[in-house]
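Trainee: I would like a close look at a single helix in this structure and at what surrounds it. Please go through it step by step.

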Amino acid sequence: MSTRVKLKVQGLANSQIQSGAYALILAEEDGPRRIPIIVGTAEAQSIAIALEHIVPPRPLTHDLFATFAHAFNVHLKEVYIYKFEDGVFYSELRFYDGERTVALDSRTSDAIAIALRVHCDIYTSEEIVRECGVVLEETDDVSRDDESEENERLLELEPEEIQDEAQLRKWLSLLDTEEINERLEDSIKEENYEYAKMYKDELRRREEEDKEL
């Protein structure tokens, strides 16, 4: 039997491979390897609101699925990513109703979105981690030249106009906290959970910096 590796959701990042998509980063719980999985915008938004514990004004599909299972006493024991083939990850949801265990095939993005809502474990095989896992390193590609001019230019942009992730982080750092809070409220009202997560991450980063001072 293949060795199982427990994973945790590390977060989401803009995909450098596919425009309009996102990379879901799954981290090896007891190791340095990371598995990036490309997911679509809708799935990324659903995962983001679960990570940030944002309550949408009306339930999303994954919220409804989790509520339905709970109402009928069906327990999601775990998510298992069991295969990687032709660039696609294959997963299954393993349910238990008190008498039997049933495995249902699922897209990995859907499986993760549901797992985050019911707080169940996520596993994969050692073979998949070995084949797809990478050790990510932090990089800083922002040029220091003409920084003042660059900052002024960035502040004139909206986030959807910024394609580079490092530049987007820089743009966020230039906004004052009051504006970020206003943008966060607007994003939640408009159900733009991708941006809501982005603004919450920036606020959290600032809070952690303040604590260290």
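Mentor: Take helix α2, residues 61-71, whose buried residues are H62, D63, A66 and A69. Viewed down the axis of α2, these buried residues fall within an arc of 130°, so they line one face of the helix. The other side of α2 has T61, L64, T67, F68 and A71, which are exposed. Keep in mind that this is a predicted model.

What lies over the buried residues? The cover of the buried residues of α2 includes α1 (41-51) and α3 (108-118). Just after α2 comes N73, with a positive phi of about 55°.

The two covering helices lead to the core. In the largest nonpolar core there are 29 residues, and L24, L26, I35, I37 and I112 are those with the most contacts inside it. Elements giving two or more residues to this core are β1 (4-14), β2 (22-28), β3 (34-39), α1, β4 (75-85), β5 (88-96), α3 and α4 (126-132). Of these, α3 gives the most, with six residues. Such grouping fits a general tendency: in soluble globular proteins, nonpolar side chains tend to be buried together.

L26 shows how the core is connected. Setting aside neighbours within four places in sequence, L26 is in contact with L7, K8, V9, R33, R34, I35, I37, I81 and I112. A second, separate core has 17 residues, including L157, W171, L184 and L203.

Several of the elements named above also belong to a sheet. An open sheet of seven strands runs in the order β3-β2-β1-β7-β4-β5-β6, and its pairing is mixed. Its edge strands are β3 and β6 (101-107), each of which pairs on one side only. On average, neighbouring strands of this sheet are turned by 35° against each other, direction ignored.

One pairing in the sheet can be followed to single residues. Strand β7, residues 121-125, is joined to β1 by four bridges, and the two run antiparallel. In this region V5 stands opposite T124 of β7.

Two cysteines complete the picture. C120 counts as buried because its relative accessibility is 13%, under the 20% cut-off. C132 is likewise buried, with a relative accessible area of 12%. The structure holds zero disulfides.

To return to the helix: α2 has H62, D63, A66 and A69 buried, and what covers them includes α1 and α3.

Conventions: Residues numbered from 1 in each chain as written. Predicted model: local features only at pLDDT ≥ 70, side-chain atom pairs only at ≥ 80, totals over all residues. Heavy atoms only, no water. Buried < 20%, exposed > 50% of the residue type's maximum accessible area, 1.4 Å probe, protein only. Arc of directions from axis to C-beta. Contact = heavy atoms within 4.5 Å. Disulfide = S-S within 2.5 Å. Core = buried A, V, L, I, M, F, W, Y, C linked by side-chain atoms within 4.5 Å. Pairing = 2+ DSSP bridges. Axes fitted to C-alpha atoms, helices over the stretch in contact; angles between N-to-C directions.
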